[in-house]
Amino acid sequence: MKENSMLLSVVAGIFLLDHITKVAAFFYLPDQPVELLPFFHLTYVENTGAAFGMMQNGNFLLIFVMLAIIAYIIISWRELCSCGSLVKWGAVFILAGALGNLYDRILLGFVIDFLDFRVWPVFNVADSFITVGGCMFVISLFMQRRKKREER
């Protein structure tokens with residue numbers, strides 16, 4: 001129970017970090033990109049699509065997808081935690097990111113993106129955690145396959 005409380009605190013912390021950065025982008029970023037480094041800008045974008053600009057104007061479908069992902073993680077929590085640390089933390093990161101973007105989609109009708117590396121579409125903190133969490137799941141699958149091959 002204590003570990004679940006800590007994991008929920010991490011989810012809440014990531015959600016708050018995402019929300020605070022999006023609010024700051026909404027209120028403080030000008031209409032033009034702000035260059036912080038030659039390869040990194042802060043660019044305010046209202047994204048009605050999925051990650052990396054896919055499915056523009058698909059907000060209703062994306063709300064449904066986010067709800068399904070969140071429900072799956074909650075329903076499968078014990079099983080996910082039993083699959084090891086990578087899967088458990090991957091689920092935490094995906095859950096937090098999904099909640100952050102879902103909040104925007106429901107409240108605003110779009111997701112606020114602002115991190116712009118100029119080599120791929122603008123994204124946000126929630127997208128980053130969803131991506132890292134997904135990578136953790138994939139790495140875990142490869143590790144499990146490798147372990148099964150070594151056992152043969």
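# Notebook: a buried Asn, a small sheet and some rings

**Entry 1: N101.** I started with N101, which sits in helix α4. Note to self: this is a predicted model. Is N101 buried or exposed? Its relative accessibility is 5%, so N101 counts as buried, the cut-off being under 20%.

Next I looked up which residues N101 touches. Skipping neighbours within four places in sequence, I listed D18, K22, V111, N124, A126, D127 and I130. One of these, K22, also makes a polar contact with N101, side chain to side chain, at 2.9 Å.

**Entry 2: the sheet.** Then I went looking for strands. I found an open sheet of 3 strands in the order β1-β2-β3, paired antiparallel. Which strands are at the edges? They are β1 (34–37) and β3 (111–116), and each of them pairs on one side only. I also noted the twist: neighbouring strands in this sheet are turned by 30 degrees against each other on average, ignoring direction.

Helix α4, residues 85–108, packs on this sheet and touches β2 and β3. Its direction makes about 130 degrees with that of β3. This is the helix that holds N101, and V111 was on my contact list for that residue.

**Entry 3: strand by strand.** How many bridges hold β1 and β2 together? I got 3 bridges, in the antiparallel sense, with β2 covering residues 40–47. A hairpin takes the chain from β1 to β2 through 2 residues. I wrote down two of the bridge partners: L37 goes with F40 in β2, and E35 goes with H41 in β2.

On the other side, β2 and β3 run antiparallel and are joined by 5 bridges. Here I checked E46, which stands opposite I112 in β3. A reminder from class: in a regular strand the side chains alternate between the two faces of the sheet.

**Entry 4: aromatic rings.** How many aromatic pairs does the structure hold? The count is 10. I picked out two to look at properly. For each I needed two values, as a pair of aromatic rings is described by the distance of the centres and the angle of the planes.

My first pick was F15 with Y103, an edge-to-face pair at 5.6 Å centre to centre, with 90 degrees between the planes. F15 is in helix α1 (residues 2–28) and Y103 is in helix α4, so this pair ties together parts that lie 88 residues apart in sequence. I looked up how covered the two residues are. F15 is partly exposed, with a relative accessible area of 21%. Y103 is partly exposed too, at 35%.

My second pick was F39 with F117. This pair is stacked, with 6.5 Å from centre to centre and 15 degrees between the planes. Where do the two residues lie? F39 is in the loop between β1 and β2, while F117 is in the loop between β3 and α5 (125–151), so the pair links parts 78 residues apart in sequence. F39 counts as partly exposed at 47% relative accessibility, and F117 is partly exposed at 28%.

**Entry 5: a cluster.** Last thing I looked up: which residues belong with F39 and F117 in one aromatic cluster? F40, W120 and F123 join them. I had already met F40 as the bridge partner of L37, so I've marked it in both places in my notes.

Terms used
Residues are numbered from 1 along each chain as its sequence is written. This is a predicted model: local features need pLDDT of at least 70, side-chain atom pairs count only at pLDDT 80 or more; totals for chains, interfaces and linings use all residues. Side-chain values use heavy atoms; hydrogens and water are left out. Two strands pair if DSSP finds at least two bridges between them. Helices (H or I, at least four residues) and strands (E, at least two) are DSSP runs, numbered from the N terminus. Axes are lines fitted to C-alpha atoms, for helices over the stretch in contact, and angles run from 0 to 180 degrees between N-to-C directions. Contact means heavy atoms within 4.5 Å. Buried means under 20% relative accessible area, exposed over 50%, partly exposed in between (1.4 Å probe, protein chains only). A polar contact is a pair of N or O atoms within 3.5 Å; within protein, one must be able to donate a hydrogen and the other to accept it, and residues adjacent in sequence count only if both atoms are side-chain atoms. Rings of Phe, Tyr and Trp (its six-membered ring) pair if their centres lie within 6.5 Å; planes under 30 degrees apart count as stacked, over 60 as edge-to-face and the rest as tilted.
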